[in-house]
Each structure stands twice: as C-alpha cells, then as structure tokens.
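Good morning, colleagues. I would like to take a few minutes to go through the fold and the charged contacts of one protein chain.

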Amino acid sequence: MHPRRSYGRWRLLITPPRSGAENMARDSALRSRAARTGETVFSVYSWSAPTLSLGRNQPASGVYDLAKLRASGVGVVRRPTGGRAILHDREVTYSVTAPIDDETPLRQTYTRINRILQSGLSRLGVFVELAGRSDRAAVPSIRPCFEIPAEGELVAQGAKLVGSAQWRDSGQLLQHGSILVDDDQSSLPVFASAVQRSNDTIPAPATLHGLLGRAPGVHEVATAMFDAVRSLEDEYAEMMLEEEIRDEALEYVPHFLDEGWTWRR
C-alpha cells in the first residue's frame, strides 16, 4: 500500500509549554523549513504562562492596557498570522506548516486542514461542523477571536470551538489555531484600555470541557490529531523532536520579543 501524502512527507511534533515568543518563533522556523525540506509538520503545543496573542495587523497600542495585563501575569505576543486576539491559557494550540504552490487556493488548504481537525475532534467524542456565512464581518477590533465564527470555521452546537488563521509567503504555509478547553476568551475585554471598554455581552464559545463534561489534556488532544493525520494524509507520519528545529527557532525569538513588533499598531 502506498502512503497517502497530500503535502509530501508529514511529521508530528508535540512540545512542552513554552513562552509566546518561543511558540511563535518555532512556528515561523517550521514554516521556513517547509520549503527547504518538503515536509509538512503538524504540531500541538501549549503556553508556559497565560498569553494574549494579537493578529498580525490587529490594532493593539492604546487598545489593550499593558499595565493590567502585566498585573494579571498575562504575556503578549503578536502572531505572524492575521485575525483577532486570543487568550492562550486553558486551550490547546495546533499548527501546520507546509510547502505550498502559490496557485493553490487558500480555501483548499484551509479545508484540508479542517478535515484533520474534525477527524481528531471526533476521536475525542466531539462533533463539529463548518460555520456558514455570517452577515457580520470579523474586522480587527478589541472583540475576541471567538466572538463570531467566520465562514468555514469549526463550530459545535452553534458556537465557535476552533479559531484558526493562515499565512503564506514564498512557497511556505503556516496555519495555526486554538482549540478551547475552557472559556477564557470572554474575559478579554477586562484588559481593554479605558477608551475601548464596552458593556456589550460577548457570546460564550464552545469548549471541550463543556462538550465532553471533562477537560482533556494536551497529550490526549495531540494523540487524536496525530491519529487523524495518519488516517487522512500520511500513514507513515513520524514523530519529530523539538531539537530538530530549536537552533533555527532561536533565531526568530528576538523578533517576537521586540515590543516594536508587538505594539506596532
């Protein structure tokens, strides 16, 4: 039997909790590595401290209160991908990096990765569907990523469970996203600056805890996702060690620690 390899050879990576800068640096290094090696990597990871991640082009300066974030022990990092803010704490983050033909439609790659996520979640006992078109566009703002599901995002019982964003550049793809275990996202407006505060109620997202009645750990989620990759994409997908990418990732860390990048908008 020949292996199923839609994006060439697949590798699987799970890492210990890291800081926001380290996590974004590793994803960036994996994206750069994809074009050089031809490998697609599916990663699962978590964060060593609660961290607010900002979308690449999301306004943040004067929008979030840095003193409040620091007082609460919440770090801040700006992602290389777009979208709105996510609070990474009681959640599991995934990423996919791959070489990509620039002519391949974004929707096609987004849909293929969604199939893996759907299959992995179903192995946990969670059944999700794709969100339909919304009349409300998710423009950059103080509102959290999980407020409104965009078309094609994964929802459970009508509420958003997985928030994802994709970035392509020079034949390399990075898609990463957050799978909520519990709801921290509704607390994001607490960190808004005084001029940005709103009394509007934010709809609660879906969570694995709420859907399953228990909170699965990172390794359980990773096992389900890796089994989905082997079932759908590459039955011979092998594990990757973090050491294989560590030196390259370290080169990106200063960029994500740079407050000029984090608060550039």
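**Sheets, helices and salt bridges**

Let me begin with a single strand pair: strand β1, residues 10-14, runs parallel to β11, and two bridges join them. Within that pairing, Arg-11 stands opposite Glu-238 of β11. Please bear in mind throughout that this is a predicted model.

The pair belongs to an open sheet of eight strands with mixed pairing, in the order β7-β8-β9-β10-β6-β2-β1-β11. β7 (129-130) and β11 (238-239) are at the edges with a single partner strand each, so one side of each has no neighbour in the sheet.

Two helices lie across this sheet. Helix α5, residues 218-232, crosses β1, β2, β6, β10 and β11, and runs at about 175° to β1. Helix α3, residues 106-124, contacts a set of strands that includes β7, β8 and β9, and its angle to β9 is about 140°.

There is also an open sheet of three strands, ordered β4-β3-β5, again with mixed pairing. Its edge strands, β4 (75-78) and β5 (86-88), each pair on one side only. On average, neighbouring strands here are turned by 25° against each other, direction ignored. Strand β3, residues 51-54, pairs with β5 in the antiparallel sense over three bridges, and Thr-51 has His-88 in β5 as its bridge partner.

I turn now to the charged side chains. The whole structure contains 15 salt bridges. Which parts of the chain does the pair of Glu-39 and Arg-9 tie together? Glu-39 is in the loop between α1 (20-37) and β2, while Arg-9 is in the segment before β1, so the contact links parts that are 30 residues apart in sequence. The N to O distance in this salt bridge is 2.6 Å. Glu-39 counts as buried at 7% relative accessibility, whereas Arg-9, at 33%, counts as partly exposed.

A second salt bridge joins Arg-90 and Asp-184 at 2.9 Å, N to O. Arg-90 lies in the loop between β5 and β6, and Asp-184 in the loop between β10 and α4 (208-212), so this pair ties together parts 94 residues apart in sequence. Asp-184 is buried, with a relative accessible area of 10%; Arg-90 is partly exposed, at 40%.

A third salt bridge, Glu-243 to Arg-246, has an N to O distance of 3.8 Å. These two residues are three apart in helix α6 (residues 243-257), hence separated by about one helical turn. Finally, shared partners connect Arg-9, Arg-11, Arg-33, Glu-39, Glu-238 and Glu-244 into one network of salt bridges.

How values were computed:
Residues numbered from 1 in each chain as written. Predicted model: local features only at pLDDT ≥ 70, side-chain atom pairs only at ≥ 80, totals over all residues. Heavy atoms only, no water. Pairing = 2+ DSSP bridges. Helix = DSSP H or I, 4+ residues; strand = E, 2+ residues; numbered from the N terminus. Contact = heavy atoms within 4.5 Å. Axes fitted to C-alpha atoms, helices over the stretch in contact; angles between N-to-C directions. Salt bridge = Lys/Arg side-chain N within 4 Å of Asp/Glu carboxyl O. Buried < 20%, exposed > 50% of the residue type's maximum accessible area, 1.4 Å probe, protein only.
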